[in-house]
Amino acid sequence: MKKIVNTLCFMCSVRCPIQVVVENEQVISIRGNPHVPAMNGGICPKAAAAIASLNDPQRVRYPVIRDGERGSGRWKRVSWTEALDYTADRCKDIFDKHGARSSIYCERANLISDISKSFQKAIGSPNHFTHDTVCKGAINTACRTTIGYTDGQINADWSNAKHVVLYGRNVFESIEIKAMNSFISALEKGTKLTYIDPRVTLTAAKATDYKMIRPGSDLALNYALMHVIIEENLYDADYVKRWVEGFEELCNFVIPYTPQWAEKETGIPAGEIVSLAREVSKVKPAAVFHYGYRGSHHTKETYFRRSILILNALMGSIESKGGIFIKKGLKDAGYQNGLKTFSSQKFPEMEDTRRFDGCGQDKFPIADPSHGVGYMLPHAILNEDPYPIKALFAFRYDPLLSNPDYNTNLKALKKLDLIVASDVNFGGTTALADVILPESFFLERSDPLQMGSSLKPAINRRIACVEPLFDTKPMWWIVKQLAERLGAGQYFPYETVEDIWNYQLADLDIKIEDFDETGFVSLSDKAIWWDRNDGIKFKTPSAKIEVVSSMMESHGIPSLPPYEALDSKPEAFRLMCGRCVAHTNVMTQNNAYLNNLVPENRLWINDRRAMALGIADNDRILVESKAGKGEMRAYVTDMIHPEAAFMLHGFGHKEVDSKRSFGKGLPDALFQERLHDKIGGSPALDHSWITVNKI
Ligand SMILES: Nc1nc2c(c(=O)[nH]1)N[C@H]1C(S)=C(S)[C@@H](COP(=O)(O)OP(=O)(O)OC[C@H]3O[C@@H](n4cnc5c(=O)[nH]c(N)nc54)[C@H](O)[C@@H]3O)O[C@H]1N2
Ligand SMILES: Nc1nc2c(c(=O)[nH]1)N[C@H]1C(S)=C(S)[C@@H](COP(=O)(O)OP(=O)(O)OC[C@H]3O[C@@H](n4cnc5c(=O)[nH]c(N)nc54)[C@H](O)[C@@H]3O)O[C@H]1N2
Ligand code: SF4
Ligand SMILES: [Mo]
């Protein structure tokens, strides 16, 4: 029997709407959900390879308890009851001695995050963080301090922009299908793309103009762009007058940052900086300086991301067609209520509300507690600061490989009394766990509904396409089972996913059957824009775009500190990391198809510098930094700035159960020092220096 299921992908965190064809209980093919025009029926290679992950015998197929040294790959198969009882008993012992606060729950933010946050609140621990903190913590902080929204609450109007400037936002390899499709059609209609990256990526190859910037110097470029825009009166004066707080301070601040000054710091000729400022200004407000995701993670990153938002403010492009828009939700679409959440229930008072990471508290006063500061995990464990951390729930998140400084992460994880992992694969941290509670693969499970805020908001549904192939369970079930055993089951008032859906929809006139035809319920046919003359609801204290941020200043953090020149080390390389089109972060390297496409990572180094070091393409090299050393292969190319080196993130897996990816390449985390953005707390993953030698 054949059936067609509209659901949501989870081969990466973008969660594209997909359509799955199932025949005789087997997934036959996957394509973009045709009911969503921007998907254009397309998916990326990783989604196509989901079928290989689904059927993979190397998945975590049933609950296991560790039966040897951490990481030895020796496991005892157990029933769900045994695994859950064991986990709860170990937790009770630990909580009796150290309190529930000694546990940390980390996860890749996803459709059950509302339930997992409720779990920590229900058991009495303030410690929860999501992958967002290591992905874009500084961007989030920049957005909240400048416009009062998080980066997740804004997006670029890719299809209507006339000029887009991307700083290492490698859209054509580090993919979001809907954005990419919209952008491709805009490019075909003549939209200009300026791409800035020390490395020539696929996006660079598609750009109208590409600038090979010196690594880490984007902030200098932006200050010079502002200098030109202000000096030549290229900004949108009406918009700035209405919406920008601190413009006068900005004008004074950028005086010294001339294009000639920036040329020395960035390597981009002054004349090119002037013409970029003029070119983009011509199409304002249909201009996007994209705030990015990952490129250029340095210790001053919050300032760099704020500078991007300020450039948009000068262009008048925030909440303008072809610019950046604020996502709209149920209330904007005329509904009285939102989706009902579990985390808004009343939970017992906590004995101690100090978080392990000091997020929103002493250490990172203005970082976002709903994301946390995951960077602090090894510090808190190793130094017992602010108190002993004994148990970790690593659910869909891999702190071993997804935090800088692999060796320190490993030491910290080994110090824990209990690691509970929930994964679909044997990942880096999962392989070190005491107990693994395997989740069903996304094609095998239904999840809570997703609010899809956007210009045209919708609610989306993931629904199971096939029955679980192995003895696995959805996370919302696992969490409830653990909560019940820890005496907190009452906060999870559901038995089935239908109960969860009905709970979420309780205050809305929407039925679950409404999702059956397309997989989503559209809440508005028309794009919802606020009036840019008077109706933009910025959420800062001044209700404006704050160049001088009251949130920062009130915590003694300067909004516009003088630029500090980058250090340089002629004998070393600045290590940058990133993704390729064939893999997702650290999770797909063992996928049979994707492993075949890109089996290992090599270190990109500039050809002239390689020649000086006697290194030829594909030679084995020794790479060293303050954090670690290892051997890998060189990729010698003229497509990278001489001061930079680059490696793909996600390789160097040492999990014995993941046989295809075992020992292939090295983790970027091995070389990344424990450095971070001082304000937002996200790791400065592109800041470390490495040396390279031929073996
Ligand atoms: N195929 C694929 N797509 C993905 C993902 C995936 O894993 N695989 N992951 C998703 C996720 S979680 C994210 S966060 C996004 C990431 O999306 P991007 O941020 O676009 O992705 P990265 O591949 O990390 O690219 C970072 C780029 O920044 C460049 N860079 C490094 N230092 C500097 C610098 O100082 N200045 C400038 N201008 N550039 C610099 C690097 O050379 C690299 O090309 O992609 C999403 N999409
Ligand atoms: N060194 C270094 N660190 C980084 C980055 C980097 O470039 N370099 N990039 C940062 C970025 S942008 C991000 S977004 C984060 C991502 O960090 P992570 O969230 O840790 O990475 P992922 O690869 O997305 O997935 C983590 C784990 O989730 C598991 N998983 C996947 N699907 C499921 C599922 O359906 N259920 C369950 N239970 N588990 C599942 C995977 O098998 C994997 O073990 O890492 C950040 N950290
Ligand atoms: S970008 Fe690819 S892997 Fe990620 S959700 Fe979309 S289709 Fe799936
Ligand atoms: Mo990310």
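This section describes aromatic contacts, a ligand site and selected backbone features of a predicted model.

A search of the whole structure identifies 29 aromatic pairs. In one of these, the ring centres of F172 and F183 are separated by 6.1 Å and the ring planes meet at 10 degrees, so the arrangement is classed as stacked. F172 belongs to the loop between β9 (163-167) and α6 (177-188), whereas F183 is part of helix α6, so the pair ties together parts that are 11 residues apart in sequence. Both partners are shielded: F172 has a relative accessibility of 5% and therefore counts as buried, and F183 is likewise buried, with a relative accessible area of 1%.

A further pair is formed by W476 and Y494, whose ring centres lie 5.9 Å apart with planes at 75 degrees, so the geometry is edge-to-face. This contact links distant parts of the chain, with W476 in helix α16 (residues 475-485) and Y494 in the loop between α16 and α17 (497-504), 18 residues apart. W476 and Y494 are both buried. In addition to these pairs, a cluster connected by ring pairs comprises Y223, F253, Y257, W261 and Y563.

Aromatic rings also take part in contacts with charged side chains. The charged end of R199 is placed over the ring of F646, at 3.5 Å from the ring centre. Similarly, K340 is positioned over the face of Y503, and the distance to the ring centre is 4.3 Å. F646 also features in a contact between sequence-separated positions: its C-alpha lies 5.7 Å from that of L575, although the two residues are 71 residues apart in sequence. L575 is located in strand β22 (residues 573-578) and is buried, with a relative accessible area of 0%.

L613 provides another reference point, being situated in the loop between α20 (607-612) and β24 (620-624). Its relative accessibility is 34%, so L613 counts as partly exposed. The C-alpha atoms of L613 and S79 are 56 Å apart in space, and the two residues are 534 residues apart in sequence.

Ligand 3 occupies the largest cavity. The residues around it are C9, M11, C12, V14, R15, C16, C44, K46, A47, I175 and I177. By class, this shell contains nine nonpolar residues, no polar residues and two charged residues.

R15, one of the residues around ligand 3, also has an unusual backbone conformation in light of a general tendency. Most residues other than glycine have a negative phi, and most peptide bonds are trans. The phi of R15, by contrast, is positive, near 60 degrees. R15 lies in the loop between β1 (2-8) and β2 (17-23), and its relative accessibility of 18% is under the 20% limit, so R15 counts as buried. S296, which is not a glycine, has a positive phi of about 70 degrees. This residue is found in the loop between β13 and α13 (301-315) and is buried, with a relative accessible area of 15%.

Cis peptide bonds occur at two proline positions described here. K284 and P285 are joined by a cis peptide bond with an omega of about 5 degrees, and P285 is placed in the loop between α12 (270-282) and β13 (287-289). A cis peptide bond also joins D385 and P386, with omega about 10 degrees; P386 lies in the loop between α14 (377-383) and β15 (391-395).

Notes:
Residues are numbered from 1 along each chain as its sequence is written. Chains are lettered from A and ligands numbered from 1 in the order in which they are written. This is a predicted model: local features need pLDDT of at least 70, side-chain atom pairs count only at pLDDT 80 or more; totals for chains, interfaces and linings use all residues. Side-chain values use heavy atoms; hydrogens and water are left out. Rings of Phe, Tyr and Trp (its six-membered ring) pair if their centres lie within 6.5 Å; planes under 30 degrees apart count as stacked, over 60 as edge-to-face and the rest as tilted. Helices (H or I, at least four residues) and strands (E, at least two) are DSSP runs, numbered from the N terminus. Buried means under 20% relative accessible area, exposed over 50%, partly exposed in between (1.4 Å probe, protein chains only). A charge sits over a ring if NZ of Lys or CZ of Arg is within 6 Å of the ring centre and within 35 degrees of the ring normal. A residue is near a molecule or strand if one of its heavy atoms lies within 4 Å of it. On a 1 Å grid over the protein atoms alone, a cavity is a set of points where a 1.4 Å probe fits but cannot get out, and a pocket is an open set with protein on both sides within 12 Å along at least five of seven lines; lining residues have an atom within 4 Å of a point. A molecule sits in a cavity or pocket if more than half of its atoms lie within 2 Å of its grid points. Ala, Val, Leu, Ile, Met, Phe, Trp, Tyr, Cys and Pro count as nonpolar, Asp, Glu, Lys and Arg as charged, and the others, Gly among them, as polar.
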